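Me: I should like to work through this model by question and answer. Please show the sequence and the structure before we begin.

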Amino acid sequence: MSRSHLPEAPSIHGIWATRWVFILAAVGSAIGLGNIWKFPYITGVYGGGAFVLVYLACVLAIGLPIMVAEILIGRRARAAPIHAMGKLAAESGVSRRWGLLGWMGTLAGFLILSFYSMIAGWAIYYVVLMMKGTFTAADGSVVEGAFNGLLADPYTMLACHSLFMAMTIFIVARGVQRGLEHAVRWMMPALVVLLFVLLGYAMTTGHFMQGVHFMFDVDFSKLTAQAVLVAMGHSFFTLSLGMGAIMAYGAYMSRQQSVGVAALTIGVLDTAFALLAGLAIFPIVFANGLEPAAGPGLMFVTLPLAFGNLPFGVFFGTVFFVLVLIAAWTSAISIAEPFVAWAVEKGMNRLTAASIIGVTSWFLGIFSILSFNWMSGDEYKIFGKTFFDALDFLTTNILLPLGGVLIAVFAGWVMKETKVMKELEMQSQAVYIAWRVAVRIVAPLAIIAVLLGFFGVIGGG
Ligand code: PHE
């Protein structure tokens, strides 16, 4: 049981107070809009069981090994991803240009934060609507009208987006201990309680088993190349991988803690949360005779309608959107952290750094907002997608998997094996070998195959 006895050299940003705080922070990063908003709706769009199965396979074979790689790189370097990659590249005797990989991740984070904040802003708006009882006994047209009304109104969206971004900057600016740590310590337990309340509620709808069948009955005929790409991209998004968020958090992790056990814990909790969120949402959808394939509006149309027509819907509906908001908040802070940590290492103060990333991605977010109204026309489309759709696709399905391949290659092929082993100190040889094969071969090949398959280079696109 001897973990490394190296003296604890903290990063300049400090160290998480306990092992559990690292787990809480990383799980807080992982559990977010991805689990509650995105996972149910893409599962609906791509047909249920088979999609869920591919996603689970990606988490296991690609996600977890890459998470181990990210934590290991971050902790060894004790620095923000941009510096970490450069530093470990130098240590491994290869070009410092690997630091560019840190830049790519940090840039992906900036892009993601811009639209993440917009969606989280919708959740803020819905907390208010729910509390006001807007949807009580409402029919489909009222609920759809409310959502379309929001999308058509850039000012309201901008106000909510601004508020959420300010909340994010506030936490990040306070630093690792006083900001991130304080936030996750109370928000994560709250999240779990809220989820179980909703789950219990879903079980009373009488349609629980229908939800179970929808998510777990596998029909491979529904699986397309696009579905596989989306499932893989989602495994990165939901685990916060491929852009350095987990790497940044790993830099503050104690050397006494096992990287493998931590990654497994985070992966299991995140996956469990997504599946439970699905099991909380789909029965409510079915109880109202609604369709699960509603797309991004699933959470904002189908659910409010359901809550509006169920007993105690005002209360549980409000609970639900508060849950979404908290989950998004603890994720957004981790999306900003790689940039902020890098800037602080460059000598900038944290508030300035947090404001720079916050304000710039807030500005970019305006274009996502406008892509639902003023700029929704075809003349503004990029490859047939609106600005928001294009940005989501580019980051989730391209940049994160690409970052993932390079991180895997870095940990598997570039870093010296002795250093890697020392950092991991795995108890089980078999687990170590499985991880090593995964980062060197399985994950890179699988990711590249899925990307090429999607673009029609191999197989029928
Ligand atoms: N994992 C978060 C979610 O599921 C999103 C995220 C992506 C966070 C990338 C950090 C980095 O909502």
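Me: In which helix does T318 lie?
Reply: The model is a predicted one, in which local features need pLDDT of at least 70, side-chain atom pairs count only at pLDDT 80 or more, and totals for chains, interfaces and linings use all residues. Residues are numbered from 1 along each chain as its sequence is written, and side-chain values use heavy atoms, with hydrogens and water left out. Helices are DSSP runs (H or I, at least four residues; strands are E, at least two), numbered from the N terminus. On that assignment, the helix holding T318 is α14.

Me: Is T318 buried or exposed?
Reply: A residue is buried under 20% relative accessible area, exposed over 50% and partly exposed in between (1.4 Å probe, protein chains only). The relative accessible area of T318 is 13%. That value is under the 20% limit, and therefore T318 is buried.

Me: Which residue offers its backbone oxygen to a polar side-chain atom of T318 at 2.6 Å?
Reply: A polar contact is a pair of N or O atoms within 3.5 Å; within protein, one must be able to donate a hydrogen and the other to accept it, and residues adjacent in sequence count only if both atoms are side-chain atoms. The distance of 2.6 Å from the side chain of T318 belongs to the backbone oxygen of V314.

Me: Which residues beyond four places in sequence are in contact with G317?
Reply: G317 also lies in helix α14, residues 313-345, and is buried, with a relative accessible area of 0%. Contact means heavy atoms within 4.5 Å. With the same sequence neighbours set aside, T318 touches V127, M130, M131 and G313. For G317, the contacts are M130 and F307.

Me: How far apart are the end C-alpha atoms of helix α2?
Reply: The expected span of a helix is 1.5 Å times one less than its number of residues. Helix α2 covers residues 33-45, and its 13 residues should therefore span 18 Å. The separation found agrees with this, at 17 Å.

Me: At which residue does α2 have a kink?
Reply: The bend at a residue is the angle between axes fitted to the seven residues ending there and the seven starting there. In α2 this gives a kink of about 35°. It comes shortly before the proline P40, at F39.

Me: How many residues of α2 are buried?
Reply: The buried residues include W37, K38, F39 and P40. The helix is largely enclosed by the rest of the structure, because the buried count out of its 13 residues is 12.

Me: How much of the ligand's area does the protein bury?
Reply: A residue is near a molecule if one of its heavy atoms lies within 4 Å of it; of the 15 residues around the ligand, A30, G34, Y116, F237 and S240 come nearest. An oxygen atom of the ligand is 3.4 Å from an N or O atom in the side chain of N35, and a nitrogen atom of the ligand is 2.7 Å from a polar backbone atom of F237. Accessible areas come from the Shrake-Rupley method with a 1.4 Å probe, and for residues only the protein chains shown count as cover. Taken alone, the ligand exposes 320 Å², and the buried share is 100%.

Me: What is the relative accessibility of A137?
Reply: A137 is placed in the loop between α5 and α6 and has a positive phi of about 60° although it is not a glycine. R78, in the loop between α3 and α4, also has a positive phi, near 50°. R78 is buried, with a relative accessible area of 9%. A137 counts as exposed because its relative accessibility is 62%.

Me: Where does α8 bend?
Reply: The 28 residues of α8 should span 40 Å, and the end C-alpha atoms are 39 Å apart, which agrees. The helix nevertheless bends by about 25°, at V184.

Me: What C-alpha distance separates I169 from T352?
Reply: I169 lies in helix α7 and counts as buried at 17% relative accessibility. Beyond four places in sequence, I169 is in contact with A354, S355, G358 and V359. I169 and T352 are 183 residues apart along the chain, with C-alpha atoms separated by 9.7 Å.
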